[in-house]
2 protein chains.
Amino acid sequence: MTNKIKNRSRIKVIPLGGLGEIGKNLTVFEYEDEIVIIDCGLAFPDEELLGIDLIIPDIAYLQKNKDKVKGFFITHGHEDHIGALPYILKQLNVPVYGTKLTLGLIESKLEEHKILNDCSLNLIKAGDIVDIGNNFKVEFIRTNHSIADSVSIALHTPAGIIVHTGDFKIDFTPIDGETIDLNRYAQLGKKGVLLLMADSTNATRKGYTMSERTVGEALENLFLKADGRIIVATFASNIHRIQQIANASVKHNRKIALSGRSMEKICKVAVDLGYLTIPDGVLIELNDIKKYANDRITIITTGSQGEPMSALTRIALGTHKSIQIEKGDMVIISATPIPGNQKPVSNVINDLTKKGANVVYKAIEDIHVSGHACEEEIKLVHTLLKPKFFMPVHGEYRHLKRHGEIAESIGMDKSNIFLLEIGDVLEVSRKKAQKAGKVIAGRILIDGSGVGDVGNVVLRDRKNLGEDGIITVVVVIDKESKTIISGPDIVTRGFVYVRDSEKLIKEIRQIATESVEKCLDNNVMQWSEIKNNIRREIDGFIYRKMKRKPTILPVITEI
Amino acid sequence: MTNKIKNRSRIKVIPLGGLGEIGKNLTVFEYEDEIVIIDCGLAFPDEELLGIDLIIPDIAYLQKNKDKVKGFFITHGHEDHIGALPYILKQLNVPVYGTKLTLGLIESKLEEHKILNDCSLNLIKAGDIVDIGNNFKVEFIRTNHSIADSVSIALHTPAGIIVHTGDFKIDFTPIDGETIDLNRYAQLGKKGVLLLMADSTNATRKGYTMSERTVGEALENLFLKADGRIIVATFASNIHRIQQIANASVKHNRKIALSGRSMEKICKVAVDLGYLTIPDGVLIELNDIKKYANDRITIITTGSQGEPMSALTRIALGTHKSIQIEKGDMVIISATPIPGNQKPVSNVINDLTKKGANVVYKAIEDIHVSGHACEEEIKLVHTLLKPKFFMPVHGEYRHLKRHGEIAESIGMDKSNIFLLEIGDVLEVSRKKAQKAGKVIAGRILIDGSGVGDVGNVVLRDRKNLGEDGIITVVVVIDKESKTIISGPDIVTRGFVYVRDSEKLIKEIRQIATESVEKCLDNNVMQWSEIKNNIRREIDGFIYRKMKRKPTILPVITEI
């Protein structure tokens, strides 16, 4: 490859998720007839997506270019980076690369979906460079985040070097001693970075994110004060946090029990793989906690977000099988509520407090730190890498925008900063970067075991049903005699409590009867028209009477 | 009345709202055959109360004691203190007492409900003492809060003095110059306060709440920087905030337009009554903003909570009739999101930013302060009033609990602190306070124009309908021949998009048919049993197939 050709060579960067939103991170890098992908995450639905369990990225573009795809390269084991793999590998079975803990977590997912044996998982470690196809060398660089074994990725391509930070923070005193490899960043910066893609989650926060180790100090202070059981709720995937809770427990001679399915599952993976070190005999079964004095017990549990079915919520409501709150219990919520979860978390705090627990949460003590870099850390990374072009990733629009402003504030030319939306194609060559069209991108909704079968019509109907309920009107009509043989029967759900509303139901039946009879008298025999009439008349009556808009569902049977 | 009798006299304090919750504040004070009430507020529903518009307190106890009730005494004009009046005055028409602005806001509510002429509104001012019945003297004491003209109330009763702070903060530099009357608190403290009831909203926050005036300084800095339109979103009732925005606008030679129905309504009341001073010619119609250069315009708008139909949300979505975002617009969100509103507020910020606005919000600049006292202010009030007994009010349980701990920390005996729930009766005499039973208390849900006709069954149904939709199964059966004459017809809403799911619907029809035929063959002619069969079989089929649980609604017509 001569220099001349190299100069003309272009790489396409196509984010299919994670821009303008939090979650479902997935970015496509396409060079000629080869594609590599960084991350494959899911997102959790907003409340308006009624009944939806998960959201994954729409990969129509990858399906169309199936033969080009060389593999998924995963930065770390959080759901928003690995959670879509079980769904997407079913459609696009290519090799997956990740560090030991990341693969451990992916494995247990694929196992649940019963596709582990069909998939190719490839272990890498920070520092490794993987040769893929003819055009990509994928380099893994140690980074820090709220889950162990996280990496950034440097893609070495004919067009130049692209660095994707993944989720990151800078922690000079990480729990596992594995500090982000800033030296490698500096080397790459010297070599010349064509494009930087960097985490924007905390770009609107000034200063620095504190080290995970500071949480350990706060926990230690609480352990010193506690004279009953200590129950700590945190994210199951935050292995370093769990390690610190374990360390404090060992120091204060407490046994540790785990509560919550994902806590048990992830801790098992982490212990098996050596990411979580708990001395023999310290970890006990949850059912055995009664065998020890209260001040000899630590329980580590899920539910730090007030999730309705989680262990901590059940403890708070008094419906947990093995844990009942006792006076003197200290409950530490070592997390901050994700936007949207403040109310359920408040409810859990109130219920625990009512039951006599001393509840400690972030607003009261510094028992949580973020896993994402704030403004000054972001500036450091930009300064070391000195990229020619920059695309902020991982964040809502305001985060991306602010991240762009930070880059500008330390000297980057505004025309070299690209605020993209998912599906946008950024074409980058040594000399130039530009938006070059758009591919299909969006969200696929997962409801139960259904993937993508719930669309806007269904969601709109669910919203209407949920707000005001439904009135079903059933009429049997004799087509010959043009008379009502039976009905109208009125059946409602979610509208009014029927036993208290006999008169109202009677009025609705009367209106339905008149509406049908009027149609029959006028020789209207199109069902659709009769139905529309019923709908319109009942709708108007109810809105006038009670200012509500239930769904009206007329069913006409003719015999 | 001799001293001996006085010593035996007891007053009952019965909170019917505002404890263990935020909102619907209403407290009953009963002495022999007389009752006075402080505040009459509403609460806004959580998301799980699908379709519910408002919540008001259950006043069954007051209806039972109708003849005793002497009046409502209102501390300030926020919805959670006045919002239930239009509903409750319809059932219990007694005099209402409040300050000028408070009555102004109540008036406009009663007018909307068309009951203003039937109600007795009585104007009082801070410092007034109103004689009610034989046992109550009601004293109004100036206080500070995020709405002008707020008062605390001291009830002088035969049992002793009860002080209810209402919502409060301590502001030494309030915008209207009316500082909380700490001197009167000190005098009452000297005289002897029997019971203190005090605002707990910010009890878990350390330190002091900043003065409203600091917001003016932050706004001034932003006005200096802005070279386009300034659009400020804030609570319509925060007259002092609006005054400060107006002051900055006048200083920087900007005209002011108001956007949002409640903003227009409340500002009109406040201007008419002299609480908001805007020089002639500064206030312009929203439709006239185009007549001025952008840097001569300030728009004050509702929607600081991201409410779906509010003016700011419509501006963000580009659907506002008179305001389209232009590059260079500065949008200031002068409020913090109430728990539960973080996501909609984020969406509004993102949408405004995408349209080119420079959005300034609390996380970035100090453009909002709370209206409630933090820990150190709370301590000051306790120290001045030196109450014998104490009941924390206005807050979730964790706030009440913390407020109790603060009282203890400055020397109050724990046994004199009462953490109550709504409906609890606290009986207080000069010597003693104790819980003495419970009265009916709870919430009445308002949906459209219906008051209290939506109960738990209806809400549960709405939740199910909203999550997974409904499948209606209609069958017509001939009772004589025991055969299906027509159907089963399957109609669904909010379940799957029918056009894509013909096969599924066919399967459901098949299952319903078999289920009915099996019943008919076995001579089962109880409709309820046939219905249960249909429900069970379809339910099982769908759960196995798609892990969903739609509502199944069988309707059987027999002819």
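This is a short dialogue about how to read the two-chain contact, one helix and some salt bridges in a predicted model.

Biologist: Let's start where the chains meet. How many residues of chain A are in contact with chain B?

Modeller: Keep in mind that the model is predicted. On the chain A side, 61 residues are in contact with 61 residues of chain B.

Biologist: And how do I put a size on that?

Modeller: The size of an interface is often given as the accessible area lost when the parts come together. Here the area buried between chain A and chain B is about 5500 Å², and carbon and sulfur atoms give 57% of it. If you want residues to click on, try Lys343(A), Arg398(A) and Arg493(A): they supply 11% of the area that chain A buries against chain B, more than any other three residues.

Biologist: What about polar links across the interface?

Modeller: There are 18 residue pairs in polar contact between chain A and chain B. The interface also has four salt bridges. Arg548(B), for instance, forms a salt bridge with Asp447(A), with the closest N and O atoms 3.3 Å apart.

Biologist: Which elements of chain A give two or more residues to the side that touches chain B?

Modeller: Among them are α11 (342–354), α13 (397–409), β25 (483–493) and α16 (527–546) of chain A. The element that gives the most is α14(A), with eight residues. By type, the residues on this side of chain A divide into 23 nonpolar, 17 polar and 21 charged.

Biologist: Now a single helix. Which residues of α6 in chain A are buried?

Modeller: Helix α6 covers residues 182–191 of chain A, and its buried residues are Leu182(A), Arg184(A), Tyr185(A), Leu188(A) and Gly189(A). Look down the axis of α6(A): the buried residues fall within an arc of 155 degrees, so they line one face of the helix. Turned away from that buried side are the exposed residues Asn183(A), Lys190(A) and Lys191(A).

Biologist: What covers the buried residues of α6(A)?

Modeller: The cover includes the strands β9 (136–142), β10 (151–157), β11 (160–164) and β12 (193–199), along with helix α12 (375–385), of chain A. Look also at what follows α6(A): Gly192(A), with a positive phi near 110 degrees.

Biologist: Back to salt bridges. How many does the structure hold over all chains?

Modeller: The total is 74. When you pick one, check where its two partners sit along the chain. Take Glu427(A) and Arg10(A), whose side chains meet with N and O 3.7 Å apart. Glu427(A) lies in strand β20 and Arg10(A) in the loop between α1 and β1 of chain A, so the pair ties together parts that are 417 residues apart in sequence.

Biologist: Is Glu427(A) buried or exposed?

Modeller: Glu427(A) is buried, with a relative accessible area of 15%. For another setting, look at Arg296(A), which forms a salt bridge with Asp295(A) at 3.9 Å between the closest N and O atoms. Arg296(A) is partly exposed at 28%, and Asp295(A) is partly exposed at 30%.

Biologist: Can you show me a pair in chain B?

Modeller: Sure, try Lys291(B) and Asp288(B), a salt bridge with the closest N and O atoms 3.2 Å apart. Lys291(B) counts as exposed at 63% relative accessibility, while Asp288(B), at 23%, counts as partly exposed.

Biologist: Which residues are linked in a network of salt bridges?

Modeller: One such network links Glu375(A), Glu376(A), Lys379(A), Lys401(A), Arg402(A) and Glu405(A).

Note on methods
Residues numbered from 1 in each chain as written. Chains lettered and ligands numbered in written order. Predicted model: local features only at pLDDT ≥ 70, side-chain atom pairs only at ≥ 80, totals over all residues. Heavy atoms only, no water. Contact = heavy atoms within 4.5 Å. Buried area = accessible area lost by both parts, 1.4 Å probe. Polar contact = N/O pair within 3.5 Å; in protein donor to acceptor, adjacent residues only side chain to side chain. Helix = DSSP H or I, 4+ residues; strand = E, 2+ residues; numbered from the N terminus. Nonpolar A, V, L, I, M, F, W, Y, C, P; charged D, E, K, R; others polar. Buried < 20%, exposed > 50% of the residue type's maximum accessible area, 1.4 Å probe, protein only. Arc of directions from axis to C-beta.
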